[in-house]
Amino acid sequence: MIESKLPHVGTTIFTAIGKLAKAHNAVNLSQGFPNFNADPKLLGLVQDAISEGYNQYAPMQGVYALREVISEKIEKLYGHYYHPESEITITASATQGIFTAISAFITPNDEVIVFKPAYDCYEPAIELCGGVAVAIQLLGKDFRIDWESFKSAINEKTKAVIINTPHNPTGTILSKQDMLRLQAILKDTDIILISDEVYEHLVFDGNTHESAAKFKDLASRSILCASFGKTFHVTGWKMGYCAAPKELMVEFRKVHQYVVFCANHPMQQGIAHYLKNPDHYLSLGRFYQQKRDYFLNALEGSRFKISPCSGTYFQILDYSAITHESDLSFAQRLIKEHKIASIPISVFNLNNQDNKQLRFCFAKTEETLDRAATILCGIR
Ligand code: GLN
């Protein structure tokens with residue numbers, strides 16, 4: 001008998017729902033990925049890098065030119081300088097960055113605080129290290145953090161906290177007040193902050209992204225995890241990076257070098273050139289806000305209750321006026337009977353709490369969003 005290290009884990013909801021969506025030829029708004037291509041300029045730059053022969057290992061920490069341009073970007077946007085040599089590492093996806101960060105710091109019985117609903121890769125990584133995920137449920141329709149509960153969850157075993165802003169799956173963002181509160185609570189502790197900021201550029205309605213890098217004391221204890229997949233419409237490239245103060249990055253790299261050694265070389269070369277021009281990522285918020293609004297306008301008159309998301313490319317729809325069935329069974333029925341796929345939120349919640357909410361990805365062409373909205377408006 002093989003003893004599972006993750007006895008409670010099955011196949012991810014994204015894979016399970018994606019498979020069902022495919023089998024039923026459903027409009028797929030489940031797993032988060034754009035159904036349009038990246039900028040041809042970026043694709044050309046990667047093709048050039050392949051032709052020019054950047055096809056062997058990249059440096060373990062990442063291509064220096066890319067780390068330099070990332071350092072400039074973070075400093076310009078968030079006012080914190082990370083040294084490209086010692087404080088930035090290119091990863092084979094943000095998921096790898098998060099896994100590596102957890103592996104580098106969590107030892108058996110360490111507690112790691114996570115907020116639920118939580119993206120699904122945090123807890124298994126903690127568990128594999130022998131750590132204990134301490135889950136705190138976000139509250140209310142706006143999924144706010146109860147900072148008092150957070151404060152009381154902290155004890156001498158607390159090794160790290162994972163935050164995610166903009167937040168997957170809820171589409172909420174942390175405010176400056178939230179970040180200041182977090183900073184005040186963590187002050188005078190040795191707690192590490194793992195800050196999942198993969199949707200940093202997808203923030204709407206005039207709000208700004210409150211990176212942990214903006215807050216001096218938080219920055220000093222944080223590992224920032226970022227994604228090129230979300231920013232450049234290339235989720236299949238699995239490219240990301242982490243930024244952290246030198247003392248943390250030294251430990252991070254000890255693990256990184258034995259997990260992947262280095263990330264994909266030609267893509268790093270291509271992105272290093274492409275990233276010099278900030279126009280694309282600076283216009284991303286506008287681009288996705290327009291998609292959100294297009295989708296939500298098309299849903300007018302539907303029976304779903306909508307509270308517009310503030311960030312990410314996910315919109316939660318509340319179906320409590322339609323049926324009492326569980327979100328998992330409703331999501332499955334929507335695929336089989338109505339040919340539309342979404343992600344049930346309960347799988348990310350504490351004790352799988354079912355609030356009758358589904359997550360829809362609107363990183364899609366208007367044609368796909370129209371098809372989806374027509375189906376959803378017909379569900380009475
Ligand atoms: N980040 C994607 C989402 O939230 C999922 C990626 C994956 O399938 N692991 O939809």
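**Exercise 1. Which element gives the most to the lining of the second largest pocket?**

Solution, bearing in mind that this is a predicted model:
- Start with the size: the second largest pocket has a volume of about 580 Å³.
- Next, look at the lining. It takes in 35 residues, and the closest to the pocket's centre are Lys 141, Asp 142, Phe 143, Thr 170 and Thr 172.
- Now list the elements that supply two or more lining residues: strand E3 (111-116), strand E5 (158-164), strand E9 (305-306) and strand E10 (314-318).
- E10 comes out on top, with 4 residues.
- To finish, sort the lining by class: 18 residues are nonpolar, 11 polar and 6 charged.

**Exercise 2. Find the residues around the ligand, then pick out side chains with a polar atom close enough for a polar contact, taking 3.5 Å as the cut-off.**

Solution:
- The surrounding residues are Phe 14, Gln 31, Gly 32, Tyr 119, Asn 168, Tyr 199, Phe 314 and Arg 359.
- Check the oxygen side of the ligand. Gln 31 puts a polar side-chain atom 2.7 Å from a ligand oxygen, and Arg 359 has a polar side-chain atom 2.7 Å from an oxygen atom of the ligand.
- Then try nitrogen: an N or O atom in the Tyr 119 side chain sits 3.1 Å from a nitrogen atom of the ligand.

**Exercise 3. Describe the largest cavity: its volume, its lining and the elements behind it.**

Solution:
- Count first: there is 1 cavity of 30 Å³ or more in the structure.
- The largest cavity has a volume of about 40 Å³.
- Its lining is made up of Ile 74, Tyr 78, Glu 197, Glu 200, Leu 224, Cys 225, Ala 226 and Tyr 241.
- H3 and strand E7 (222-227) are the elements that each give two or more of these residues.
- E7 gives the most, with 3 residues.
- By class, you get 6 nonpolar residues, 2 charged and no polar ones.

**Exercise 4. Is Leu 77 buried, partly exposed or exposed, and what does Leu 77 touch beyond its sequence neighbours?**

Solution:
- Place the residue: Leu 77 belongs to helix H3, which covers residues 64-78.
- Its relative accessibility is 27%, so Leu 77 counts as partly exposed; the buried class would need a value under 20%.
- Skip the neighbours within four places in sequence, and Leu 77 is left in contact with His 201, Lys 214, Tyr 281 and Leu 282.
- Take Leu 282 from that list: Leu 77 and Leu 282 are 205 residues apart in sequence, yet their C-alpha atoms are 10.0 Å apart in space.

Note on methods: Residues numbered from 1 in each chain as written. Predicted model: local features only at pLDDT ≥ 70, side-chain atom pairs only at ≥ 80, totals over all residues. Heavy atoms only, no water. Buried < 20%, exposed > 50% of the residue type's maximum accessible area, 1.4 Å probe, protein only. Contact = heavy atoms within 4.5 Å. 1 Å grid on protein atoms, 1.4 Å probe; cavity = no way out; pocket = protein on both sides within 12 Å on 5 of 7 lines; lining within 4 Å. Points joined across faces, edges and corners; volume = space filled by probe spheres on them. Nonpolar A, V, L, I, M, F, W, Y, C, P; charged D, E, K, R; others polar. Near = heavy atom within 4 Å. Polar contact = N/O pair within 3.5 Å; in protein donor to acceptor, adjacent residues only side chain to side chain.
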